[in-house]
Amino acid sequence: MERYGKFLSKRSARRQPSAIRALQPLMATPGMISLGGGNPNGVTFPFKSASFELRDGDHVTISPQNLAVALQYSPSYGLPGFTEYLKNFQREQHHPPQDVCIVVSSGSQDLMCKAFDMLVDEGDYVLVESPTYPGALGALRPIGCSTVGVECDEHGLIPERLEQTLASWDPAKRFPRLLYLIPNGQNPSGASLTLERKKAIYALAHKWDLLILEDDPYYFLTYPTEPAKPMTPSLLSMDIDSRVIRLDSFSKIMSSGIRIGFATGHPFLIERLQLDMQVSLLHTSGLSQMLLLELLRKWGDDGWNAHVASVRFYKQRCDKFCELAEKHLGGKATWSKPAAGMFLWLRLTGVDDTKELIQTRALEKKVLLLPGQLFDPSGKPSPYVRASFSLASDADMDEALSRFASLLAK
């Protein structure tokens, strides 16, 4: 589509459909006799059926017919039943105002990398939060682009700083085409954008003609509130002119090892991602897709909502960690309590650079933390430390923070 041509990287603009992959949807046509594809014959596969026991003792069973589908090559967009389910799921969750398409991949990290490959050329400038996810920085660095950090606070990216960055842009430099952000439970800060900020950011993207890569793996790790409030609408939900590519992940809510993420956006942009899929992954694990599809169908809306509510035990983890941080680090660090996710972003008092402290002295005390410099788009020394409270027990969190505090007392 001509409108999106200026956003595509040179690599993406050169992509053409795979002649072999183009046969895949045709093979499902009733009455079609395939002599063209290179699919192995399923009679040689040793698997007949599959059943998984759930934590509540119930089972999810994949029938022999569906297992045969899952074990064979499938469309690069994803299993048709699964992509249709996800499209309806997105309609219910986000109510996108424009037509959208879905592509499934092996985790949202893979789709993030493919989106960068699609939209960023060497010498480009990409707008990111400061601090931001180092996995994104690591994916952008080999492209040869520059990342431009936009200041954030406890409520996420500050729209006024974004506007200042764009309004004062040096005309001798290529103007940014892409804004990458994590709107909920941001990694590393734990910040979540308010509705007002999302509206302001989207308005700026419209004004300056930016695409937005909305990477939201912690969306369903938003903590419940008293009284209960609805989830803050996503950027996709306000995408009236189709400039948002939304990345979702089942890693935090279902299983990280199952490796399922999906992208939602304008059909042209999703089709370009799918062209990348055709020559890289070919398609995501059919078994993982079918397992999730069967489970989600079995649960229905009530089962899904109940599971999401149970996964929000991260709020209890966060409450306890903040209590222990106050006990051990009060007066030695400051932080803002997150409303989603699994991270606490600590600013150490009287420390300008946490790198040596974390990577040497804390390791000697057998405490794993991450220094803030890893999350800085420009790699500057940082007074911050990222701590994760997702795995450690109460006793281990208490001991770890005690050990860490002993380093700060010196």
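**Figure 1. Helix H5 in the predicted model.** Helix H5 covers residues 108-119, which makes 12 residues. From its first C-alpha to its last, H5 reaches 16 Å, close to the 16 Å expected at 1.5 Å a residue. The helix is mostly covered, with 10 of its 12 residues buried. The buried residues are Ser108, Asp110, Leu111, Met112, Lys114, Ala115, Phe116, Asp117, Met118 and Leu119. Among them, Asp110 and Lys114 reappear in the view of Met277, which touches both.

**Figure 2. Met277 in helix H9 and its contacts.** Met277 belongs to helix H9, residues 267-279. Because its relative accessibility is 0%, Met277 counts as buried. Leaving aside residues up to four places away in sequence, Met277 touches Ser76, Val103, Val104, Ser105, Asp110, Lys114, Leu282, His283 and Thr284. Two of these contacts, Asp110 and Lys114, are buried residues of H5. Met277 and Gln72 are 205 residues apart in sequence, and their C-alpha atoms are 16 Å apart in space.

**Figure 3. The crossing of helices H3 and H10.** H3 spans residues 64-71 and H10 spans residues 286-311. Their axes come within 7 Å and cross at roughly 140°. H3 is therefore oblique to H10, and the crossing is right-handed. On the H3 side the residues in contact are Asn66, Leu67, Val69 and Ala70, and on the H10 side they are Gly286, Leu287, Met290 and Glu294. By class, this contact has five nonpolar, two polar and one charged residues.

**Figure 4. The packing of helices H7 and H8.** H7, residues 159-167, packs with H8, residues 195-208, at an angle of about 15°. The two axes are 9 Å apart. The angle falls under 35 degrees, so H7 is roughly parallel to H8. H7 passes H8 in a right-handed crossing. H7 contributes Pro159, Leu162, Glu163, Leu166 and Ala167 to the contact, where they meet Arg197, Ala200, Ile201, Leu204, Lys207 and Trp208 of H8. The residues of this contact divide into eight nonpolar, no polar and three charged.

**Figure 5. Ala333 in strand S11.** Strand S11 consists of residues 333-334, and Ala333 is found in this strand. Ala333 counts as buried because its relative accessibility is 7%. With residues up to four places away in sequence not counted, Ala333 touches Arg347, Leu348 and Thr349. Gly350 is 17 residues from Ala333 in sequence, and the C-alpha to C-alpha distance is 8.8 Å.

**Figure 6. Thr354 in the loop between strand S12 and helix H12.** Strand S12 covers 343-348 and helix H12 covers 355-364, and Thr354 is found in the loop between them. Thr354 has a relative accessible area of 0% and is therefore buried. Not counting residues up to four places away in sequence, Thr354 touches Leu348, Pro371, Gly372, Ser382, Pro383, Tyr384 and Val385. One of these residues, Leu348, is also touched by Ala333.

**Figure 7. Two cis peptide bonds, Ser130 to Pro131 and Asn187 to Pro188.** The peptide bond from Ser130 to Pro131 is cis, and its omega is near 10°. Pro131 is found in the loop between strand S4 (125-130) and helix H6 (134-140). The bond joining Asn187 and Pro188 is also cis, with omega about 25°. Pro188 is placed in the loop between strand S7 (178-181) and H8. H8 is the helix shown packing with H7 in Figure 4.

**Figure 8. Positive phi at Ser242 and Arg259.** Ser242 is not a glycine, yet it has a positive phi of about 55°. Ser242 lies in the loop between strand S8 (211-215) and strand S9 (244-249). Its relative accessible area is 7%, so Ser242 is buried. Arg259, which is not a glycine either, has a positive phi of about 55°. Arg259 is found in the loop between S9 and strand S10 (261-265). With a relative accessible area of 34%, Arg259 is partly exposed.

Key. Residues are numbered from 1 along each chain as its sequence is written. This is a predicted model: local features need pLDDT of at least 70, side-chain atom pairs count only at pLDDT 80 or more; totals for chains, interfaces and linings use all residues. Side-chain values use heavy atoms; hydrogens and water are left out. Helices (H or I, at least four residues) and strands (E, at least two) are DSSP runs, numbered from the N terminus. The expected span of a helix is 1.5 Å times one less than its number of residues. Buried means under 20% relative accessible area, exposed over 50%, partly exposed in between (1.4 Å probe, protein chains only). Axes are lines fitted to C-alpha atoms, for helices over the stretch in contact, and angles run from 0 to 180 degrees between N-to-C directions. Angles under 35 degrees count as roughly parallel, over 145 as roughly antiparallel, 65 to 115 as roughly perpendicular and the rest as oblique. A crossing is left-handed if the near helix is turned anticlockwise from the far one by less than a right angle, and right-handed if clockwise. Contact means heavy atoms within 4.5 Å. Ala, Val, Leu, Ile, Met, Phe, Trp, Tyr, Cys and Pro count as nonpolar, Asp, Glu, Lys and Arg as charged, and the others, Gly among them, as polar.
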